[in-house]
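This report is a short guide for a reader meeting the structure for the first time. Please look through the sequence and the model before reading on.

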Amino acid sequence: MLQQILRDMYIDPELLAELNEEQKQILFYKMREEQLRRWKEREEKARMEEAVLRKTARRKQSNGKHVQWLRGKDGEVWVWVMGEAPGDKPYEQISEELIAERARQQAQKEAEELWRQKEAEITKKFRDAMAQEKARIVAEKWKIEIEDRKAAKLEEEKIQEELKKREEEERQKGEEQIRQQEEIRAKELYLSLKQAQQHSQHSDDDQEWEEQLRRSKAADEERSHKARRARDEYRRQSLRAIQKGRVAGLSNLFQGTSLNNVQEIKLNDDSGSPLLSQLLAFQCSNIWERPSRPFSRDVIIRWFKEEQIPRRAGFERNTNRIAQWFHGIISRQEAEELLMNKSEGTFLVRVSEKIWGYALSYRQQSGFKHFLVDASGDFYSFLGVDPNRHATLTDLIDFHKEEIITSSGGELLLEPCGQQKNPPDYSPLFE
């Protein structure tokens with residue numbers, strides 16, 4: 001399934017909706033990697049073609065390059081001089097206005113900064129004076145009699161009013177100084193910019209363009225960080241699976257160990273169950289040819305009976321009992337309703353309607369997560385999240401009972417979620 005997506009560079013919106021955020025990031029990383037590979041091939045091909053063209057051009061020196069000028073209605077070369085066309089301002093006037101505006105903005109910015117510093121100094125100065133005066137009055141109040149406290153309070157208020165008045169006067173004085181400095185600075189900047197313009201005709205860098213460039217770089221860094229995290233998760237899962245010894249090989253792993261999976265089910269069927277006899281009879285009835293993708297429930301049921309039952313998908317290990325965590329073709333909403341009142345770590349596996357495979361629904365503390373399990377090949381693996389390939393669906397479940405699915409979520413499969421209906425929702429798969 002992943003190879004098909006990378007080949008077509010397209011994913012169905014319904015399938016994309018089934019992926020969680022981390023699966024989407026890993027899929028984006030894989031598609032971006034494929035884009036870069038194709039781009040490099042295209043660039044190499046273009047480079048070689050350009051080299052061939054250059055060799056051909058050397059042989060045909062008569063075919064030289066030439067320039068064709070745009071011509072006006074009068075047949076002459078079309079020319080436009082800024083400031084001389086009807087409605088244009090003179091170039092000198094435009095230049096003067098730009099320089100004056102830049103000087104004014106720079107001076108205003110510097111004046112605001114000076115005023116912030118001045119205001120902070122004034123506030124601190126009078127705050128300290130007020131605190132000292134209060135401390136002095138409090139110290140004196142403890143020394144005088146109770147009848148004098150009212151007079152001390154009046155004196156304190158009087159001093160406070162006087163300090164506030166002095167603070168306001170100094171503020172006004174400071175503002176006036178800043179305003180004068182702003183005017184002087186504006187004139188200085190105007191002269192400086194005017195002089196700089198005379199020596200160079202290049203304009204300053206566009207601030208808006210710089211801001212857009214900064215945002216673009218920040219977005220690239222964020223995508224790079226997510227892709228790097230996805231690569232680290234990919235490597236970590238691979239190493240863990242190798243250490244555990246549960247990674248399936250290529251298709252010959254199944255061919256060398258299964259001895260014909262249908263016969264294996266027969267050998268393990270100690271009870272002579274009529275269910276398995278019916279399934280074996282159905283398997284031999286006609287030839288199954290899988291479509292490119294599931295398009296109806298009947299096709300999904302046929303696929304499960306033809307390909308998954310022989311591989312013991314949904315069965316417990318070494319028994320003919322259906323695993324407690326296995327469910328039939330149910331929707332995401334139905335899965336979440338089953339997990340609604342369960343504890344964190346509860347999970348179930350349902351047959352997917354979007355891909356040839358399954359969806360693992362997981363209950364976390366703040367909600368639910370859904371992971372797609374690709375079963376279109378001769379192995380089972382999470383689509384986009386876990387690079388490990390498992391021989392059976394039960395192997396995949398048992399592996400992640402001990403190993404987390406993603407490093408960011410830390411999902412461990414702790415408790416299976418069983419059936420709540422009778423007959424079970426998987427009964428159409430085994431009829």
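How many residues are in the hairpin that joins S2 to S3? The hairpin joins these strands through 2 residues. The model is a predicted one, and some of its parts carry lower confidence, as described at the end.

**Strand pairing**

Strand S2 covers residues 357-364 and pairs with strands S1 and S3, as listed here.

| Pair | Residues of the partner strand | Direction | Bridges |
|---|---|---|---|
| S1 and S2 | S1: residues 346-351 | antiparallel | 5 bridges |
| S2 and S3 | S3: residues 367-374 | antiparallel | 8 bridges |

Individual bridges can be named for both pairs. Phe347 has Tyr362 of S2 as its bridge partner, while Arg363 is partnered by Phe368 of S3. The hairpin between S1 and S2 runs through 5 residues.

Why is strand S2 largely enclosed by the rest of the structure? In S2, 8 of the 8 residues are buried, so the strand is largely enclosed.

**Ser427**

Ser427 lies in the segment that follows strand S5 (415-416). Its relative accessible area is 19%. Because buried means under 20% relative accessible area, Ser427 counts as buried. The side chain of Ser427 reaches the backbone oxygen of Pro424 at a distance of 2.9 Å.

**Confidence**

The average pLDDT of the chain is 77, and 78% of the residues score at least 70. Over residues 245-285 the pLDDT stays under 50. For residues 245-285 the model has 52 contacts beyond four places in sequence.

Note on methods. Residues numbered from 1 in each chain as written. Predicted model: local features only at pLDDT ≥ 70, side-chain atom pairs only at ≥ 80, totals over all residues. Heavy atoms only, no water. pLDDT = per-residue confidence, 0-100. Contact = heavy atoms within 4.5 Å. Helix = DSSP H or I, 4+ residues; strand = E, 2+ residues; numbered from the N terminus. Buried < 20%, exposed > 50% of the residue type's maximum accessible area, 1.4 Å probe, protein only. Polar contact = N/O pair within 3.5 Å; in protein donor to acceptor, adjacent residues only side chain to side chain. Pairing = 2+ DSSP bridges.
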